Amino acid sequence: MNKFRDKLENFMQGRYGIDQLGRFMLYAALALIILSFFFRGMFLNTAALVLLVLCYIRMFSRNHAKRWAENEKFLSIKDRIFGRGRHRDAAYCYFKCPACGQKVRVPRGKGRISIRCPRCNNDFIKRT
(Lines give C-alpha, C1' and ligand atoms only; values in the text may rest on other atoms or scores of the structure.)
Protein backbone atom coordinates (compact mmCIF):
# COMPACT_ATOMS: atom_id res chain seq x y z
CA MET A 1 0.00 0.00 0.00
CA ASN A 2 2.87 2.35 0.79
CA LYS A 3 4.33 1.79 -2.69
CA PHE A 4 1.05 2.84 -4.31
CA ARG A 5 0.95 5.97 -2.18
CA ASP A 6 4.48 6.93 -3.25
CA LYS A 7 3.59 6.43 -6.91
CA LEU A 8 0.48 8.58 -6.52
CA GLU A 9 2.46 11.34 -4.80
CA ASN A 10 5.06 11.28 -7.58
CA PHE A 11 2.32 11.42 -10.22
CA MET A 12 0.58 14.40 -8.57
CA GLN A 13 3.79 16.37 -8.07
CA GLY A 14 3.59 19.59 -10.08
CA ARG A 15 -0.11 19.15 -10.84
CA TYR A 16 -2.69 21.78 -9.92
CA GLY A 17 -4.93 19.69 -7.66
CA ILE A 18 -8.34 20.68 -6.29
CA ASP A 19 -9.59 24.18 -5.51
CA GLN A 20 -12.95 25.87 -4.88
CA LEU A 21 -14.01 25.67 -8.54
CA GLY A 22 -13.05 21.99 -8.65
CA ARG A 23 -15.06 21.26 -5.52
CA PHE A 24 -18.05 23.10 -6.94
CA MET A 25 -17.82 21.10 -10.17
CA LEU A 26 -17.60 17.82 -8.24
CA TYR A 27 -20.63 18.67 -6.08
CA ALA A 28 -22.60 19.83 -9.13
CA ALA A 29 -21.78 16.58 -10.94
CA LEU A 30 -22.87 14.58 -7.89
CA ALA A 31 -26.14 16.53 -7.73
CA LEU A 32 -26.75 15.89 -11.43
CA ILE A 33 -26.10 12.17 -10.97
CA ILE A 34 -28.58 12.02 -8.08
CA LEU A 35 -31.16 13.97 -10.11
CA SER A 36 -30.67 11.57 -13.02
CA PHE A 37 -31.98 8.74 -10.82
CA PHE A 38 -35.31 10.55 -10.46
CA PHE A 39 -35.61 12.13 -13.90
CA ARG A 40 -34.75 9.84 -16.77
CA GLY A 41 -32.90 11.44 -19.62
CA MET A 42 -29.54 11.54 -21.26
CA PHE A 43 -28.98 15.26 -20.62
CA LEU A 44 -28.33 14.98 -16.87
CA ASN A 45 -25.93 12.06 -17.29
CA THR A 46 -24.07 13.83 -20.09
CA ALA A 47 -23.81 17.07 -18.13
CA ALA A 48 -22.49 15.20 -15.08
CA LEU A 49 -19.93 13.35 -17.19
CA VAL A 50 -18.75 16.59 -18.82
CA LEU A 51 -18.37 18.25 -15.40
CA LEU A 52 -16.39 15.30 -14.05
CA VAL A 53 -14.08 15.23 -17.07
CA LEU A 54 -13.46 19.00 -16.82
CA CYS A 55 -12.80 18.68 -13.10
CA TYR A 56 -10.21 15.96 -13.63
CA ILE A 57 -8.58 17.87 -16.50
CA ARG A 58 -8.21 20.86 -14.17
CA MET A 59 -6.90 18.67 -11.32
CA PHE A 60 -4.21 17.00 -13.41
CA SER A 61 -3.20 20.18 -15.26
CA ARG A 62 0.29 21.60 -14.88
CA ASN A 63 -0.73 25.09 -16.04
CA HIS A 64 -1.08 26.67 -12.60
CA ALA A 65 -1.53 30.25 -13.85
CA LYS A 66 -4.51 29.42 -16.04
CA ARG A 67 -6.20 27.26 -13.38
CA TRP A 68 -5.64 29.99 -10.77
CA ALA A 69 -7.19 32.61 -13.09
CA GLU A 70 -10.23 30.36 -13.67
CA ASN A 71 -10.64 29.89 -9.92
CA GLU A 72 -10.35 33.64 -9.26
CA LYS A 73 -13.01 34.35 -11.91
CA PHE A 74 -15.30 31.74 -10.29
CA LEU A 75 -14.75 33.27 -6.83
CA SER A 76 -15.50 36.80 -8.08
CA ILE A 77 -18.76 35.61 -9.68
CA LYS A 78 -19.66 33.71 -6.49
CA ASP A 79 -18.94 36.80 -4.39
CA ARG A 80 -21.16 38.94 -6.64
CA ILE A 81 -24.02 36.45 -6.37
CA PHE A 82 -23.84 35.95 -2.61
CA GLY A 83 -22.82 39.55 -1.83
CA ARG A 84 -19.79 38.67 0.25
CA GLY A 85 -16.33 40.00 -0.48
CA ARG A 86 -13.40 37.73 0.29
CA HIS A 87 -11.37 40.71 1.48
CA ARG A 88 -13.98 41.87 3.97
CA ASP A 89 -12.54 42.42 7.41
CA ALA A 90 -14.36 43.93 10.39
CA ALA A 91 -11.33 45.86 11.64
CA TYR A 92 -10.15 47.39 8.34
CA CYS A 93 -11.41 49.27 5.27
CA TYR A 94 -9.85 48.75 1.84
CA PHE A 95 -9.43 51.56 -0.66
CA LYS A 96 -7.81 51.83 -4.08
CA CYS A 97 -5.31 54.57 -4.70
CA PRO A 98 -6.76 56.92 -7.34
CA ALA A 99 -3.32 57.40 -8.91
CA CYS A 100 -1.93 53.87 -9.25
CA GLY A 101 -4.77 51.53 -8.22
CA GLN A 102 -2.88 49.95 -5.30
CA LYS A 103 -5.15 48.54 -2.58
CA VAL A 104 -4.57 50.23 0.77
CA ARG A 105 -5.78 48.87 4.11
CA VAL A 106 -6.68 51.38 6.82
CA PRO A 107 -8.28 50.94 10.27
CA ARG A 108 -12.07 51.14 10.36
CA GLY A 109 -13.89 53.79 12.45
CA LYS A 110 -11.26 56.56 12.37
CA GLY A 111 -13.51 59.07 10.58
CA ARG A 112 -12.13 61.20 7.76
CA ILE A 113 -8.42 60.48 7.35
CA SER A 114 -5.62 61.20 4.94
CA ILE A 115 -4.24 58.01 3.38
CA ARG A 116 -0.80 57.77 1.84
CA CYS A 117 -0.31 55.13 -0.85
CA PRO A 118 2.72 52.94 -0.09
CA ARG A 119 3.52 52.45 -3.78
CA CYS A 120 3.34 55.98 -5.25
CA ASN A 121 3.18 58.14 -2.06
CA ASN A 122 -0.03 59.82 -3.28
CA ASP A 123 -2.19 61.32 -0.51
CA PHE A 124 -5.98 61.03 -0.68
CA ILE A 125 -8.73 61.57 1.87
CA LYS A 126 -11.41 58.99 2.66
CA ARG A 127 -13.94 58.36 5.41
CA THR A 128 -13.52 55.08 7.29
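Cys120 is partly exposed, because its relative accessibility is 33%; buried means under 20% relative accessible area, exposed over 50%, and partly exposed in between (1.4 Å probe, protein chains only). This is a predicted model, in which local features need pLDDT of at least 70, side-chain atom pairs count only at pLDDT 80 or more, and totals for chains, interfaces and linings use all residues. Residues are numbered from 1 along each chain as its sequence is written, and side-chain values use heavy atoms, with hydrogens and water left out.

**Cysteines**

- The structure contains zero disulfides, a disulfide being a pair of cysteine sulfur atoms within 2.5 Å.
- Cys100 takes part in no disulfide, and the nearest cysteine sulfur, that of Cys117, lies 3.6 Å away.
- Cys100 is also partly exposed, at 29% relative accessibility.
- For Cys120, the closest cysteine sulfur belongs to Cys97 and is 3.7 Å away, which is too far for a bond.

**Helix 2**

- Helices (H or I, at least four residues) and strands (E, at least two) are DSSP runs, numbered from the N terminus.
- Helix 2 comprises 19 residues (residues 20-38), and its end C-alpha atoms are 28 Å apart, in agreement with an expected 27 Å; the expected span is 1.5 Å times one less than the number of residues.
- Its buried residues are Leu21, Gly22, Met25, Ala29, Leu32 and Ser36.
- These residues lie on the same side of helix 2 because they cover an arc of only 100° around the axis, taken from the directions from the helix axis to the C-beta atoms.
- Tyr27, Phe37 and Phe38 are exposed on the face of helix 2 turned away from its buried side.
- Helix 3 (42-60) and helix 4 (64-82) are among the elements covering the buried residues of helix 2, where contact means heavy atoms within 4.5 Å.
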